[in-house]
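Opening the notebook on this one. I wanted to look at some strand pairing and then go hunting for pockets.

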Amino acid sequence: MPQISSVLSSLNDTSDDGWGVYYKSLKMEDQGAKLTHLTIGEHDIKTRDSVLDAMMVSAKGGHTGYAVGPGTDELRTAIAKRCYDKTGKVTALEDVMVTIGGQGALFTAHKACLSPGETALYIEPYYPTYRGTLRATGANAVPVSTRSSNAFMPDPDQLRQIVKDTNARSLLINSPNNPTGAVYPLEMLQKISQICIDHDLWLISDEVYDSMVWDASHLSPSTLPGMAERTIVIGSFSKSHAMTGSRLGWLIGPPPVMEAANALNMVTTFGAPGYIQDAALFALSEGAHKEEEIAAPFKRRRDLCMGILEKQNVVKAIPSGGSMYLFLDIRATGLSGTDFAYKLLDNHHIAVMPGESFGASGAGHLRLALTVEESLLENALQKICDQATVLADANN
Ligand code: PLP
């Protein structure tokens, strides 16, 4: 038989891709177990009816043909306006391309910036698709580790050294962060930007959680001096508008990137479905307060969890400034995140993601997706703390 592409067979080259607990939890549910799911970043609410109605009106109105190109002018204009409203960066419709999800934007951005074999850096812990997405573009994907004790902020000196050692061409950052909830302050973004300028790097800034920033306003490195020409912003309707299944995202970048991205688009997706673009346009037209409504439960739940965690000292929470997640440090138990998560699933029917799923820097941690209503979440976190306390006592 002919061989499969070496690029694609390298995407999942580990025996456990970090999803083992999740797959086991699905199997248990199939067999009738009742579980509390704190695994994937899927809202507990659905896409709202008004948006679905707009989708239906558009489809029935005939917007079901090929929607070739970088997106409808109306939607690109509305995304550009949202970008301006959120960050103050003047953005034109030509700077925006609509993609198949934020995932499509991540792939397109890296494909546009890197030639095969060039090095693409990404910060660890990372959203689990990053490594495979970067590899799928043909890039040499290299993680940059961070430490729990430093709230998972990159260390600028270490980052600069890795850039030099690997002769990197791009850096992917994600703030607010999945899985840690870290939100990079201005000083951190300035330091990262300076490294990008000094070493002529592309900065790919994944901002899909930009509507979920709790204690400050969202900051985009694309607004910093000298960065507009080298930053590609990744956005998505998935999290801000509870439209995960509609698979609609965007990228915002300088003209050469848009040209390359358009060329790729013409030979891959051909563009996102027109009626879904119209639904997203309608969703934006309903205003920023609708995004705030969708985000609000996640802040409420973060605060609830912090209140529970304050009452004990075994499980530590990494300071979470945004996103849908809380990242817990369970190293006092002596168990890996994976072992702890399997125990939690078996003993208490609570499913969480082991920190190891997000790279080696996440070892000994758990990611909780705050995607269940408060009483269930409270109960689950209490059980996590109880299990951790028993294990930590036995460990001492
Ligand atoms: N980037 C991050 C950090 C994410 O967490 C996700 C999804 O969870 C994505 C990108 C992809 O989002 P989309 O559903 O728009 O493809």
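**Strands, then the pocket**

I started with strand E9 (residues 316–317), which pairs with E10 in the antiparallel sense over two bridges. Worth jotting down before going on: this is a predicted model. For a specific contact between the two strands, I looked up Lys316, and its bridge partner in E10 is Asp329.

Next I checked what else E10 pairs with. Strand E12 (residues 365–369) also runs antiparallel to E10, and I count five bridges for that pair. One of the partners I noted there is Leu368 in E12, bridged to Leu326.

With partners noted for E10, I asked myself: is strand E10 mostly covered or open? Mostly covered: five of five residues in E10 (residues 325–329) come out buried. I then split the strand by face. Tyr325, Phe327 and Asp329 sit on one side, Leu326 and Leu328 on the other, and both faces are covered. So Asp329, the partner of Lys316, is a buried residue, and Leu326, the partner of Leu368, is buried too.

Then I moved on to the pockets. The largest has a volume of about 530 Å³. Its lining takes in 25 residues, and those closest to the centre are Arg82, Lys86, Gly287, Ala288 and Glu291. Which helices each give at least two residues to the lining? I wrote down H4 (73–87), H11 (274–285) and H12 (288–309).

Last entry, the lining by class: I get eleven nonpolar, eight charged and six polar residues for the largest pocket.

Notes: Residues numbered from 1 in each chain as written. Predicted model: local features only at pLDDT ≥ 70, side-chain atom pairs only at ≥ 80, totals over all residues. Heavy atoms only, no water. Buried < 20%, exposed > 50% of the residue type's maximum accessible area, 1.4 Å probe, protein only. Helix = DSSP H or I, 4+ residues; strand = E, 2+ residues; numbered from the N terminus. Pairing = 2+ DSSP bridges. 1 Å grid on protein atoms, 1.4 Å probe; cavity = no way out; pocket = protein on both sides within 12 Å on 5 of 7 lines; lining within 4 Å. Points joined across faces, edges and corners; volume = space filled by probe spheres on them. Nonpolar A, V, L, I, M, F, W, Y, C, P; charged D, E, K, R; others polar.
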